[in-house]
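Subject: Structure handover

Hello,

Here is the structure for your next round of work. Please open it first, then read the notes below it.

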Amino acid sequence: MTMQEAIEARHSVRAYKDLPLSEEIVKLLEDELVKLNNEGQLHIQLICNEPKAFQGTMAKYGKFRNVNNYLVMAGKKAEDLDERVGYYGEQIVLLAQTLGLNTCWVGLSYRKVPEAYNVGKDEKLVCMIALGYGETQGVPHKIKTVEQVSNASDITPSWFRKGVEAALLAPTAVNQQKFSFEYVGMNNNRHQVRAKKGISMIGYTQMDLGIAKYHFELGAGKDNFDWV
């Protein structure tokens with residue numbers, strides 16, 4: 001499965017089969033986390049065979065079942081931490097999809113298990129990502145149109161529309177899709193694109209923007225433009 005295929009196939013899954021991850025898959029995920037943590041200056045941790053984080057009232061409210069493996073999305077406190085968590089976290093999510101796993105970004109429906117992972121005093125636990133073999137492959141949700149979230153038109157590059165289409169398949173908190181992409185024009189012979197987060201009472205828009213920006217890069221081709 002290619003990353004583009006993973007974008008189209010991946011949907012949020014909350015109920016999992018009671019199966020452990022294979023050693024091979026764990027190694028592939030952990031190797032990728034070393035790279036992503038270095039690039040994103042993050043402290044993402046893969047926790048396996050630990051059921052307590054997704055037990056209790058909050059997990060039941062979120063309809064989670066058999067979540068024994070998850071990613072702890074953390075990093076040093078900073079203004080752009082949430083966006084980096086989204087951008088780099090979605091990379092491991094899509095890799096997991098290519099490996100036959102299912103995932104779900106989780107903002108609230110978990111409880112902290114400090115003995116299972118390490119979050120420093122200068123760090124923030126932003127969210128978690130449930131991980132495993134889903135009972136189903138999830139279902140697609142209604143999405144906005146390209147025109148609702150961008151200035152794509154007949155005169156913008158074709159890759160720009162493809163980028164926006166990929167961004168619209170990105171997971172966001174309660175499917176809110178509070179982001180927008182603007183084709184700005186040329187500067188020093190390079191196409192320029194601006195991405196913005198919207199306003200939401202729910203929150204998580206900065207993290208959602210990071211996820212959407214990574215999808216946009218995959219759809220548009222990262223070499224075709226520069227972020228403003």
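The largest pocket is lined by 35 residues. Nearest its centre lie Ser 12, Arg 14, Thr 172, Val 174 and Asn 175. Please keep in mind that this is a predicted model. The space in the largest pocket comes to about 990 Å³.

Which elements supply at least two residues each to that lining? They include α1 (3-9) and α3 (57-61), along with β3 (102-106) and α7. Sorted by class, the pocket lining counts 21 nonpolar residues, 9 polar ones and 5 charged ones.

Next, the enclosed space. The structure has 1 cavity of 30 Å³ or more. The largest cavity holds about 30 Å³. Its lining takes in Tyr 16, Lys 17, Asp 18 and Leu 19. Asn 66, Asn 68 and Asn 69 also line the cavity, as do Leu 131, Gly 132 and Tyr 133. By class, that makes 4 nonpolar, 4 polar and 2 charged residues.

Now the sheets. Take the one with 4 strands.

- The sheet is open, its strand order is β1-β2-β4-β3, and the pairing is antiparallel.
- β1 (45-47) and β3 are the edge strands, each pairing on one side only.
- From one strand to the next, the twist averages 25°.
- Helix α2 (residues 23-40) packs on this sheet and touches β1, β2 and β4. The direction of α2 makes about 160° with that of β1.
- Strands β2 (residues 69-76) and β4 (residues 123-132) run antiparallel and are joined by 8 bridges.
- Across that pairing, Leu 71 stands opposite Ile 129 in β4.

β3 thus turns up twice in these notes: as an edge strand of this sheet, and as a supplier of residues to the pocket lining. Two strands of the sheet also reach the cavity lining: Asn 69 lies in β2 (residues 69-76), and Leu 131 lies in β4 (residues 123-132).

The other sheet has 3 strands.

- This sheet is open too, with the order β5-β6-β7 and mixed pairing.
- Its edge strands are β5 (179-187) and β7 (225-227), and each pairs on one side only.
- The twist averages 30° from one strand to the next.
- β5 and β6 (residues 190-197) run antiparallel, with 8 bridges between them.
- Ser 180 has Lys 196 in β6 as its bridge partner.

Two helices lie across this sheet. Where does α6 (residues 158-167) lie? α6 lies across β5, β6 and β7, and runs at about 160° to β5. Helix α7 (residues 205-220) lies across β5, β6 and β7 as well, running at about 150° to β6. α7 is also one of the elements that supply at least two residues to the lining of the largest pocket.

Last, the aromatics. The structure holds 16 aromatic pairs. One of them joins Phe 216 and Trp 227. Why does this pair count as tilted? The ring planes stand at 50°, so the pair is tilted; the ring centres are 5.4 Å apart. Phe 216 sits in helix α7 and Trp 227 in strand β7, 11 residues apart, so the pair links distant parts of the chain.

Over to you.

Best wishes

Notes: Residues are numbered from 1 along each chain as its sequence is written. This is a predicted model: local features need pLDDT of at least 70, side-chain atom pairs count only at pLDDT 80 or more; totals for chains, interfaces and linings use all residues. Side-chain values use heavy atoms; hydrogens and water are left out. Two strands pair if DSSP finds at least two bridges between them. Axes are lines fitted to C-alpha atoms, for helices over the stretch in contact, and angles run from 0 to 180 degrees between N-to-C directions. Contact means heavy atoms within 4.5 Å. On a 1 Å grid over the protein atoms alone, a cavity is a set of points where a 1.4 Å probe fits but cannot get out, and a pocket is an open set with protein on both sides within 12 Å along at least five of seven lines; lining residues have an atom within 4 Å of a point. Grid points are joined across faces, edges and corners, and a volume is the space filled by probe spheres set on the points. Ala, Val, Leu, Ile, Met, Phe, Trp, Tyr, Cys and Pro count as nonpolar, Asp, Glu, Lys and Arg as charged, and the others, Gly among them, as polar. Rings of Phe, Tyr and Trp (its six-membered ring) pair if their centres lie within 6.5 Å; planes under 30 degrees apart count as stacked, over 60 as edge-to-face and the rest as tilted.
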